[in-house]
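Hi,

Here's the structure I promised to pass on. Have a look at it first, and then read my notes underneath.

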Amino acid sequence: MIIDAHIHLPVVKKGFTFEKAKNKLLSDMKKNKVDYAIIIPDNIHGSAIGDLDVSLKLIENERRLFLLGTIDIRIERKEWINKLDSLFQKGKIKGIKIFPGHDPIYPTDKRLIPVYKLCIKHDYPIVIHTGWSSNHSEAAKYNNPKYIIKIAKKFPKLKIIIAHYFWPEVEYCYKITRGFKNIYFDTSALADDEVIEETGLDKIKKVLEQSIKDNSESVLFGTDYAMCDIKKHIKLINSLKISKEDREKVFWENADKLFKLKMREYR
Ligand SMILES: [Zn+2]
């Protein structure tokens with residue numbers, strides 16, 4: 001079984017609809033034998049990859065698709081937090097993603113505290129975007145893991161997933177987060193050509209293998225589809241020198257546990 005813990009809907013341009021985008025996603029999942037996926041909506045309302053409201057409607061009754069909540073803390077406050085609270089209660093979202101770097105905010109921003117508390121209350125993870133954005137290395141100053149470990153220390157019950165392993169500085173990210181039991185990593189974008197070119201494939205494989213060795217529950221399969229290729233990410237995980245048991249954990253068991261998807265019970 002494969003669970004993709006980090007995907008986005010394909011961009012909806014002229015002549016395309018969200019319904020078609022979802023169908024393209026489902027067919028690409030099927031082609032690559034991905035059984036379930038967690039969709040991350042944009043935190044910009046009216047986004048071409050779908051905002052939270054669009055995504056909520058779209059995945060209703062889709063048993064293969066799950067959703068994260070998102071927030072732009074510069075504009076959304078109490079009312080939006082209450083909305084996320086109620087979506088958690090109804091089981092409609094399985095975590096929250098924040099976008100430091102896309103948004104000029106730091107993970108230590110005080111306005112994020114209610115968001116972290118909400119994740120703790122429902123025992124669902126917070127996913128934090130990290131690393132360079134394409135052609136935009138400046139973005140990484142906002143999501144440096146040195147801020148993320150401050151949050152991990154302050155909120156030991158908060159489960160934090162670092163997306164994209166702070167590429168290209170994956171070794172630095174590994175070292176600074178080492179030993180934190182509440183920090184996890186998804187593999188999204190790490191098999192992307194630009195990411196490999198800037199980071200180095202050997203370094204990427206080494207930090208993933210080392211992270212898994214330190215804590216076999218800490219790495220989750222993710223792709224950053226539709227920006228990135230699913231097949232290349234599967235190949236990356238299959239190329240790691242890890243045990244069969246650990247590969248299963250990366251491909252689905254860790255995500256199943258962390259996002260409480262309960263796949264194990266349905267098997
Ligand atoms: Zn992403």
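How many bridges join strand β6 to β7, and do the two run parallel or antiparallel? There are four bridges, and the strands run parallel. Bear in mind that this is a predicted model.

To find your way, look for β6 at residues 126–129 and β7 at residues 160–163. One pair to click on is I126 and its bridge partner in β7, I160.

On its other pairing, β7 is joined to strand β8 (residues 183–186), again by four bridges and again in parallel. Here you can pick out A163, whose bridge partner in β8 is D186. To get from β7 to β8, the chain passes through helix α6 (residues 170–177), and this β-α-β crossover is right-handed.

Now zoom in on the side chains of β7. I160 and I162 point one way, while I161 and A163 point the other way. That fits a general pattern: side chains in a regular strand alternate between the two faces of the sheet. In β7, all four of these residues are buried.

Last stop: S211, which sits in helix α8 (residues 201–214). Is S211 buried or exposed? Its relative accessible area is 3%, and buried means under 20%, so S211 counts as buried. Setting aside neighbours within four places in sequence, S211 is in contact with Y165, Y174, F185, S218 and V219. Of these, Y174 falls in the α6 range and F185 in the β8 range. For a contrast, try S47: its C-alpha lies 34 Å from that of S211, and the two are 164 residues apart in sequence.

Cheers

Definitions and conventions
Residues are numbered from 1 along each chain as its sequence is written. This is a predicted model: local features need pLDDT of at least 70, side-chain atom pairs count only at pLDDT 80 or more; totals for chains, interfaces and linings use all residues. Side-chain values use heavy atoms; hydrogens and water are left out. Buried means under 20% relative accessible area, exposed over 50%, partly exposed in between (1.4 Å probe, protein chains only). Contact means heavy atoms within 4.5 Å. Two strands pair if DSSP finds at least two bridges between them. A crossover is right-handed if, with the strands pointing away from the viewer, the path from the first strand over the helix to the second runs clockwise.
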